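The following exercises concern a predicted model. Please work through each task before reading its solution.

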Amino acid sequence: MLSQVFELQQSGNGEEGLPPAHTKDGSLDRYGKPAVRGRTGGWKSGLVLLVSQGLVTLAFYLLEASMVLFTKSVMRQTNAEAESTFSLWMGTVYLCSLVGGFLSDYLGRFLTSIYAQAFLTVGFGLLSASAHALLKPHGCGIIGKLCDPHAPLEVSMFYISIYLIALGNGACESVLATFATDQFDEEDPAEKQSKTSFGWYFVIASNIGRLISVALLVYTETESKGNWLPIFWISTGCVITALVFLLSLTRRYRHFKPFGSPISRIVQVIVASLRNRLRLLPVWLCTIWSSVVYMQMPSLFTEQGAAMDRTILHFRVPPASMIAFDIISTSTLIVFYDKLIVPLHIKLMKTQSKTLVELQRIGVGFVIAVVTMLSAGLVEQQRLKFSDGSSIKEMSSLHILWQIPQYILMGASKAMVCVAEKEFFTTQTQDGLKSLEMILSFCSSALGGYMCHTILWVVTKITASNGKPGWVPPNLNDGHVDHFFSCWQL
């Protein structure tokens with residue numbers, strides 16, 4: 001009896017003897033009963049999910065950043081083949097984000113997150129195990145030293161593993177963030193403020209995971225020493241730990257009832273898109289182009305960097321680590337947008353408007369994207385100018401640090417477009433269809449990946465005919481990647 005009185009005193013709204021206070025947003029505990037505020041959700045659950053997200057991001061980005069060079073040096077693919085493999089894979093990642101969102105309507109966000117991270121764990125485990133067979137002879141897999149040809153089974157295991165990872169990461173990306181914000185009651189003023197702050201912390205956790213992955217690539221010198229196995233096993237350990245964190249507070253999480261059939265949501269999305277077609281459709285089509293441009297950074301930009309002088313003192317800079325400048329640029333612009341961009345806009349335009357509207361920001365982002373590809377094209381022209389002219393060795397004496405401007409510009413473009421795109425889609429949809437913003441965003445990214453593959457295939461077919469090496473040949477010194485970059489300026 002005394003223990004029951006003590007529990008009543010310690011729970012609820014802080015007043016002795018009162019029954020426990022329930023959340024007001026309709027969230028439920030693990031048993032399907034109304035969630036008790038003091039015993040469920042809140043920052044304790046949110047921080048655990050924050051760590052889980054950071055670990056997943058770290059693991060996935062280690063693979064994303066090194067995928068192109070791995071497929072070149074280990075899987076023996078040409079530059080064009082490696083970029084096509086990457087584009088198709090990334091398109092599938094975003095397509096699986098849609099799958100994850102729809103599955104959560106049936107299974108709920110928590111169960112979908114568990115399945116997604118389980119797929120990630122199996123995928124990374126299989127990739128790590130298969131890498132032992134792929135990295136032969138010993139010491140292969142570095143820039144300029146290919147591995148031996150592989151058996152069909154070994155190649156199959158590689159593709160099965162990366163697409164399991166695509167399924168797991170895509171589904172996790174679309175569900176885990178929403179599940180994490182479910183831990184805060186929007187109807188409670190204090191928790192509503194915490195929910196807003198948590199959204200920013202979630203973005204920061206993802207960026208920290210990306211920066212740590214870059215640091216690991218630098219520390220292990222993966223591309224220059226062929227240290228692929230440590231990277232893959234670190235990723236496997238990260239996703240296992242992320243799954244453990246996710247499951248650790250199973251009893252404390254808050255849940256919402258699944259919405260039911262995702263088919264009805266698809267129909268609603270299509271109808272909403274048609275009703276808003278004069279405003280939504282043109283902007284959405286433009287964001288597909290921006291997705292194609294952004295896809296060049298971890299693919300052709302990385303291949304370009306691998307063919308440049310990467311030596312700083314006695315250290316060789318991993319080409320994929322240059323993405324750190326993109327991450328820093330994106331984060332800085334998002335954080336300091338109100339203090340830097342808005343005052344500059346007021347001063348230049350001589351207007352009293354406090355901010356750029358969403359479409360203006362998207363337009364500015366597109367202009368920056370064009371300048372980004374112009375910068376990349378100019379760097380490639382100089383890289384060819386300082387190449388050794390060898391048809392065997394794919395190198396140039398131009399230093400990789402000349403790539404810094406194009407990465408910074410790319411990050412600035414992403415910061416302007418991606419944030420404004422989400423805000424625009426949200427303002428143009430009804431309250432009951434706020435998920436349309438997420439669906440349109442993932443659709444544009446998925447189509448961007450597939451379009452990138454298709455465009456590269458068409459360009460290669462046209463430019464590599466009649467014995468010509470083409471714009472994106474096996475040896476970049478024989479081609480004109482600068483012409484390919486110029487295509488995106490049009």
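**Exercise 1.** Determine which side chain joins that of Lys72 in a polar contact, and whether Lys72 is buried or exposed.

*Solution.* Step 1: the side chains of Lys72 and Asn79 are joined by a polar contact of 2.8 Å. Step 2: Lys72 is located in helix 2, residues 42–73. Step 3: the relative accessibility of Lys72 is 14%; buried means under 20%, so Lys72 counts as buried. Step 4: apart from neighbours within four places in sequence, the contacts of Lys72 include Leu146, Glu303 and Glu394.

**Exercise 2.** Establish which parts are tied together by the salt bridge between Asp182 and Arg109.

*Solution.* Step 1: the two side chains of Asp182 and Arg109 meet at 2.6 Å, N to O. Step 2: Asp182 lies in the loop between helix 5 (152–181) and helix 6 (189–220), and Arg109 in helix 4, so the pair ties together parts 73 residues apart in sequence. Step 3: Asp182 is buried, with a relative accessible area of 8%, whereas Arg109, with 22%, is partly exposed.

**Exercise 3.** Identify the helix that gives the most residues to the nonpolar patch on the surface.

*Solution.* Step 1: the patch consists of Val99, Leu103, Tyr106, Leu107, Leu111, Tyr115 and Phe119, which together have about 620 Å² of accessible area. Step 2: at least two residues come from each of helix 3 (79–107) and helix 4 (109–134). Step 3: helix 3 gives the most, with four residues. Step 4: Leu111 belongs to helix 4, and its relative accessibility of 34% makes Leu111 partly exposed.

Technical notes: Residues are numbered from 1 along each chain as its sequence is written. This is a predicted model: local features need pLDDT of at least 70, side-chain atom pairs count only at pLDDT 80 or more; totals for chains, interfaces and linings use all residues. Side-chain values use heavy atoms; hydrogens and water are left out. Patches are made of residues with over 30% relative accessible area and no salt bridge: like charges are joined within 9 Å, nonpolar side chains (Val, Leu, Ile, Met, Phe, Trp, Tyr) within 5 Å. Accessible areas come from the Shrake-Rupley method with a 1.4 Å probe; for residues, only the protein chains shown count as cover. A salt bridge is a side-chain nitrogen of Lys or Arg within 4 Å of a carboxyl oxygen of Asp or Glu. Buried means under 20% relative accessible area, exposed over 50%, partly exposed in between (1.4 Å probe, protein chains only). A polar contact is a pair of N or O atoms within 3.5 Å; within protein, one must be able to donate a hydrogen and the other to accept it, and residues adjacent in sequence count only if both atoms are side-chain atoms. Contact means heavy atoms within 4.5 Å.
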